[in-house]
Amino acid sequence: MKKKLLIMIALCASLCIMMAGCGGQQSESEQPDGEPAAEDSSLWKEAYLETLQADETAILNYQPFGNGGEGAVAFSDLNFDGIPELLYFVNEEGAMSPYMKIVTYKDGAASQVHYEKQITDLASPDYRDLPADALYDYQVQGGTDYQVYLREDGTLQMYSLLYGADNSPGMMNQYQMDADGNLTEVCRFGFVDEFNSSRMDPPDDLTVHYWKDGAEIDESEYNSLCEEACSGISELIFRKGRDLKDRFDAPFWDATASLASAEMTYDQALAVLEQ
């Protein structure tokens, strides 16, 4: 009887040692919280560093308000995989307007993310030929205001307003990024006002058309879309907007006014990647 008891105790002790060994073993590629291990960051940092350096001239050619030609770069984890995406504006030689690039780390390399930001057909025909394969800081008419921000549910939002001579289209484009780094547009909506915006101050009888996914909608539906887009903001990435009194699209700007932007200069971004 005593012999059997000793055998059972020995078996239990061995089993406990085995379970402790299995439970205490940690994947080399993961931290306790499931994020990529610190040493892995050197891989995406090196890939992003090479990407930025290849576009250095075009980045430094971009001069948003108050930036002085130092570039506009940001890092933001758009699909919550623990590795940030790289976002930056370029002003390429011969291009009509600067635009925003998005780069993700995929299959061991930096990969550009392709997306579109269409202008509604309700806007002036003069704008139909403008490029729409990215978020552009259109350098036409009165110029462009824009902001890029992330919501808590993972929705990436890009709002822009083009100040036109005939009318001014405001456009909100919403996207979701999957685990593979593919960006899909899930909704787009906005407005088009009918007045000569070079006057800046809108008349009392201002006519505004509202739209969603290319079709006209009523003001109440637009207001609901606007309210949702302005709620649950987790991160402001870029913000370039002039301070205009009583601007029609004030809700978008009020929603991010108290947030610090993730934007940094080209040199600051290099410093982050070289750490």
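Colour the protein chain by secondary structure to begin, and 6 helices and 11 strands can be picked out in what is a predicted model. With the whole chain of 275 residues still selected, 44% of the residues count as buried. The accessible surface of the chain comes to about 14,500 Å², of which carbon and sulfur atoms supply 49%. If contacts are displayed for pairs with a separation of 6 or more, residues 24 or more positions apart account for 55% of them.

Next, go to the interior and select L52, M100, I102, L156, M158 and F238, which are the residues with the most contacts inside the largest nonpolar core, a set of 53 residues. A second core, separate from that one, has 20 residues, and L161, F191, C226 and I233 are included in it. In soluble globular proteins, nonpolar side chains tend to be buried together.

Keep M100 selected and expand the selection to its contacts, leaving aside residues up to four places away in sequence. The neighbours that M100 then touches are L87, Y88 and F89, followed along the chain by Y115, A134, L135, V148, M158 and F238. Two of these neighbours, A134 and L135, also belong to the lining of the largest cavity, which is the next stop.

How many cavities of 30 Å³ or more does a search of the whole structure find? The search returns 1, and the space in the largest cavity is about 40 Å³. To display its walls, select K117, I119, A134, L135, Y136, Y138, S160 and M171. Sorted by class, this lining consists of 6 nonpolar residues, 1 polar residue and 1 charged residue.

From the cavity, move along the chain to Q139, which sits in the loop between β4 (109–113) and β5 (144–151). Not counting residues up to four places away in sequence, Q139 touches M96, S97 and P98. For P98, a distance label is worth adding, as its C-alpha atom is separated by 7.9 Å from that of Q139, although their positions lie 41 residues apart along the chain.

Now select strand β7 (residues 168–177) and centre the view on Q176, which has its place there. Is Q176 buried or partly exposed? Its relative accessible area is 29%, so Q176 counts as partly exposed, given that this class runs between 20% and 50%. Showing the contacts of Q176, again without residues up to four places away in sequence, brings up D153, G154 and T155 on one stretch of numbering and N182, L183, T184 and V186 on another. A distance drawn from Q176 to N79, 97 residues apart along the chain, gives a C-alpha separation of 7.8 Å.

The tour ends with two loop residues whose backbone angles deserve inspection. F80 lies in the loop between β1 (73–76) and β2 (85–90), and its phi is near 55°, a positive value in a residue other than glycine. With a relative accessible area of 51%, F80 is exposed.

The other residue to select is D213, in the loop between β9 (207–212) and β10 (215–217). D213 is not a glycine either, yet its phi is positive at about 50°. At 44% relative accessibility, D213 is classed as partly exposed.

Key
Residues are numbered from 1 along each chain as its sequence is written. This is a predicted model: local features need pLDDT of at least 70, side-chain atom pairs count only at pLDDT 80 or more; totals for chains, interfaces and linings use all residues. Side-chain values use heavy atoms; hydrogens and water are left out. On a 1 Å grid over the protein atoms alone, a cavity is a set of points where a 1.4 Å probe fits but cannot get out, and a pocket is an open set with protein on both sides within 12 Å along at least five of seven lines; lining residues have an atom within 4 Å of a point. Grid points are joined across faces, edges and corners, and a volume is the space filled by probe spheres set on the points. Ala, Val, Leu, Ile, Met, Phe, Trp, Tyr, Cys and Pro count as nonpolar, Asp, Glu, Lys and Arg as charged, and the others, Gly among them, as polar. A nonpolar core is a set of buried Ala, Val, Leu, Ile, Met, Phe, Trp, Tyr and Cys residues joined through side-chain atoms within 4.5 Å. Buried means under 20% relative accessible area, exposed over 50%, partly exposed in between (1.4 Å probe, protein chains only). Contact means heavy atoms within 4.5 Å. Helices (H or I, at least four residues) and strands (E, at least two) are DSSP runs, numbered from the N terminus. Accessible areas come from the Shrake-Rupley method with a 1.4 Å probe; for residues, only the protein chains shown count as cover.
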